[in-house]
Amino acid sequence: EEVYYQSRPYKGKPVKIFGYFCYPVNAKEKLPAVLLSHGGGGTAHLGRTIAWAKRGYAVLSIDLPGKGEQRSGSRSTGPDMDVPILLQTKPDLSSNYLVHAVAAARNGITYLTQREEVDPECIGMVGLSWGGVITLLTNGQDKRLKTAVNVFGAGYIPEASTWQGWFDVMSKEELKLWNLYIDPKNFLKTQHAPILFITGTNDHCYYLPTFQKSYEEVTAPKKLLLIANLTHRFLPCMQRIVWSWLDSRLKYKSNFPEIKILSIHKKGENK
């Protein structure tokens with residue numbers, strides 16, 4: 001289904017979020033559900049949504065608010081997903097893109113809880129890159145999530161990330177506001193649901209030292225998957241691990257899913 005739901009208004013105007021909602025039609029019981037949050041330049045992906053639904057989930061894959069660079073196909077309204085808006089704190093915090101993105105995610109969770117096909121006690125969230133940041137921010141605030149997967153996202157973004165140069169030219173007041181209210185580091189110790197962190201040693205967006213620092217500060221049940229030599233790419237092997245994590249938490253409701261990884265490496269490279 002192609003669906004729309006309302007989210008946080010932007011500049012006094014209503015905002016609608018678009019998404020694909022897919023589920024196995026012959027399910028005999030209420031389904032576990034997953035909210036998918038894409039990264040920068042992304043949109044909702046129908047093929048991926050269907051593939052995840054075939055594994056026995058109700059899946060909501062959303063266009064994050066607005067359009068922006070490489071996002072002309074987005075059907076959501078609201079602020080554009082561009083770096084200046086992702087990082088800005090002026091004229092007030094409500095102008096920051098992440099505030100609206102988290103609102104879109106949380107309203108997406110609300111949408112899922114209202115669908116008759118969904119078990120409202122079995123909802124998870126998966127986010128990639130900026131979507132991983134949004135997952136951290138959402139799981140740090142919304143107790144309705146029962147599990148989360150953060151791929152690449154991290155806190156302490158001004159300290160070590162591809163956007164450091166943007167923060168270097170911020171005023172002291174703007175940087176202070178970001179660090180006090182927006183940066184995911186503020187929500188690491190309030191992570192509610194068990195969470196899986198995934199990244200590569202060579203990720204060029206969220207650097208490994210701050211990714212590890214973020215992981216270490218999480219007090220909720222957690223696991224870390226670190227892939228040698230991987231840059232900012234989501235590989236099929238990673239998707240299989242994410243599915244295993246979700247199955248354990250949402251289908252089988254294991255208190256602490258056990259994931260054993262012997263070796264993951266890119267084709268053509270030494271282990």
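## Exercises on a helix pair, two pockets and two backbone features

In this structure, α3 passes α4 in a right-handed crossing, and the model from which this is computed is a predicted one.

**Exercise 1.** Determine how α3 and α4 are oriented to each other, and which residues make the contact.

*Solution.* Begin with the geometry: α3 and helix α4, which covers residues 130-139, pack at an angle of about 70°, and their axes are 9 Å apart. Next, apply the cut-off, under which angles of 65 to 115 degrees count as roughly perpendicular; α3 and α4 are therefore roughly perpendicular to each other. Then list the contact, to which α3 contributes L98, A101, V102, A105, R106 and I109, while α4 contributes W130, V133, I134, L137 and T138. Finally, sort the residues of this contact of α3 with α4 by class, which gives nine nonpolar, one polar and one charged.

**Exercise 2.** Describe the largest pocket by its volume, its lining and the elements that supply that lining.

*Solution.* The volume of the largest pocket is about 660 Å³. Its lining consists of 33 residues, of which H38, G39, G40, G42 and L128 are the closest to the centre of the pocket. Turning to secondary structure, at least two lining residues come from each of β3 (31-37), α1 (46-53), β4 (58-62), α2 (83-87) and β5 (118-128). Sorted by class, the lining of the largest pocket holds 15 nonpolar, 14 polar and four charged residues.

**Exercise 3.** Work out which element gives the largest share of the lining of the second largest pocket.

*Solution.* The second largest pocket encloses about 170 Å³ of space, and the residues that line this pocket are R8, L98, V99, V102, A103, R106, L137, Q141, Y181, I182 and F187. Two elements, α3 (97-114) and α6 (172-182), give two or more residues to this lining. Of these, α3 provides the largest share, with five residues. By class, the lining of the second largest pocket comprises eight nonpolar, one polar and two charged residues. Comparing the lists then shows that L98, V102, R106 and L137 line this pocket and also belong to the contact between α3 and α4.

**Exercise 4.** Locate the cis peptide bond, and find where K11, with its positive phi, lies in the chain.

*Solution.* The cis peptide bond runs from K90 to P91 and has omega near 5°; P91 is placed in the loop between α2 and α3. For K11, phi is near 55°, a positive value in a residue other than glycine, and K11 sits in the loop between β1 (2-10) and β2 (13-22).

Conventions
Residues are numbered from 1 along each chain as its sequence is written. This is a predicted model: local features need pLDDT of at least 70, side-chain atom pairs count only at pLDDT 80 or more; totals for chains, interfaces and linings use all residues. Side-chain values use heavy atoms; hydrogens and water are left out. On a 1 Å grid over the protein atoms alone, a cavity is a set of points where a 1.4 Å probe fits but cannot get out, and a pocket is an open set with protein on both sides within 12 Å along at least five of seven lines; lining residues have an atom within 4 Å of a point. Grid points are joined across faces, edges and corners, and a volume is the space filled by probe spheres set on the points. Helices (H or I, at least four residues) and strands (E, at least two) are DSSP runs, numbered from the N terminus. Ala, Val, Leu, Ile, Met, Phe, Trp, Tyr, Cys and Pro count as nonpolar, Asp, Glu, Lys and Arg as charged, and the others, Gly among them, as polar. Axes are lines fitted to C-alpha atoms, for helices over the stretch in contact, and angles run from 0 to 180 degrees between N-to-C directions. Angles under 35 degrees count as roughly parallel, over 145 as roughly antiparallel, 65 to 115 as roughly perpendicular and the rest as oblique. A crossing is left-handed if the near helix is turned anticlockwise from the far one by less than a right angle, and right-handed if clockwise. Contact means heavy atoms within 4.5 Å.
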